[in-house]
Amino acid sequence: MLKRTLVFSNPVYLSLRNQQLVLAYKDDPEHTTTVPIEDIGVVVVEHQQVSITLPLLNALTENEVQVVFCNSKGMPSSMLLGFEGNNLQGETLRYQMACGEVLKKQLWKQIVESKIRNQAQLLERVGQDGSCLRPYYSNVKSGDVDNREGIAARLYFQRLFGLDFIRDRALPGVNALLNYGYTILRAAVSRAIVSSGLFPAIGIYHHNRSNAFPLADDIMEPYRPFVDEAVYALLMQGNVELTKDTKAKLIMVLYADTVFENVNRPLSVGLSMTTSSLVKCYAKETSKLSLPSLL
């Protein structure tokens, strides 16, 4: 079942009753709305005056719901993850920790190829020449030792957003939209990782002592173009500010259609397919990741 994403941008009181999330507005506490916990996939808490009870937080984590908290500027700043993500978590973790460098390099090669292919497909979709990226996804070496990903990214962003565009997290406008979209995507990836019994702190390629989710940064790479497409659409509409409406449209990326060997799945479901295939790669049941393509 496709899970719902709930975003709370107003002062509300959130509690638990009969395995239902209960929403009450602080200016009208007698009027409540309920949502079954089992129907929820992601909760985004944006407003600084949202109150949430501990029983509700426990119920959300027990049901593998990804809870994202935003700072005073409305940007996602932290995530809540449960310790129990999968019945076979111990076995999966042992496989993950035993993964050797050869397999990691092979997996990263697949991820980079998929990401650049999707970037090329997006360029074609918006009327640009996607074939300019073919030399990059056609010649990725094990571990991407010659950084095809980084070289392709610079060319790709200039073709998509203009020759003057610079990808800089500190800049407003398109960069701020990308930041928000990528953060929501990262949260959804983290949920899929934990649900599959994987440990998000053990990455394939990304590694940094201050990064608690390097595996999420690895897995999300082929999915980034889906966020880029949403940001491009907003740009074409003249919407380059991070507002309630643009945030809502970026969150809808989680429901975008993705293709897996001629099978269409919503992006949030596709993430679970990718992380499940990674578990099989770690267990040496297969050597191929299940990665998405743009329609």
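Select β2 and β6: they pair in the parallel sense over two bridges. Strands here are DSSP runs of E with at least two residues, helices are runs of H or I with at least four, and both are numbered from the N terminus. Two strands count as paired if DSSP finds at least two bridges between them.

This is a predicted model, where local features need pLDDT of at least 70, side-chain atom pairs count only at pLDDT 80 or more, and totals for chains, interfaces and linings use all residues. Residues are numbered from 1 along each chain as its sequence is written, and side-chain values use heavy atoms, leaving out hydrogens and water.

Now pick Y13. Opposite this residue, in β6, is S51. Its bridge partner in β3 is A24.

Next, show β2 with β3. Six bridges join them, in the antiparallel sense. Go to their hairpin, where two residues lie between the strands. Stop at N18, which has a positive phi near 55 degrees.

Move on to β3 (residues 20-25) and β4. This pair is antiparallel, with six bridges. A24 turns up again, opposite T32 in β4.

Bring in helix α1 (residues 54-62). The helix packs on the sheet and touches β2 (12-17), β3 and β6; contact means heavy atoms within 4.5 Å. Its direction makes about 65 degrees with that of β2. Axes are lines fitted to C-alpha atoms, for helices over the stretch in contact, and angles run from 0 to 180 degrees between N-to-C directions.

Finally, display the whole sheet. It is open and mixed, with four strands in the order β4-β3-β2-β6. β4 (28-36) and β6 (51-52) are the edges; each has a single partner strand, so one side of each lacks a neighbour in the sheet.
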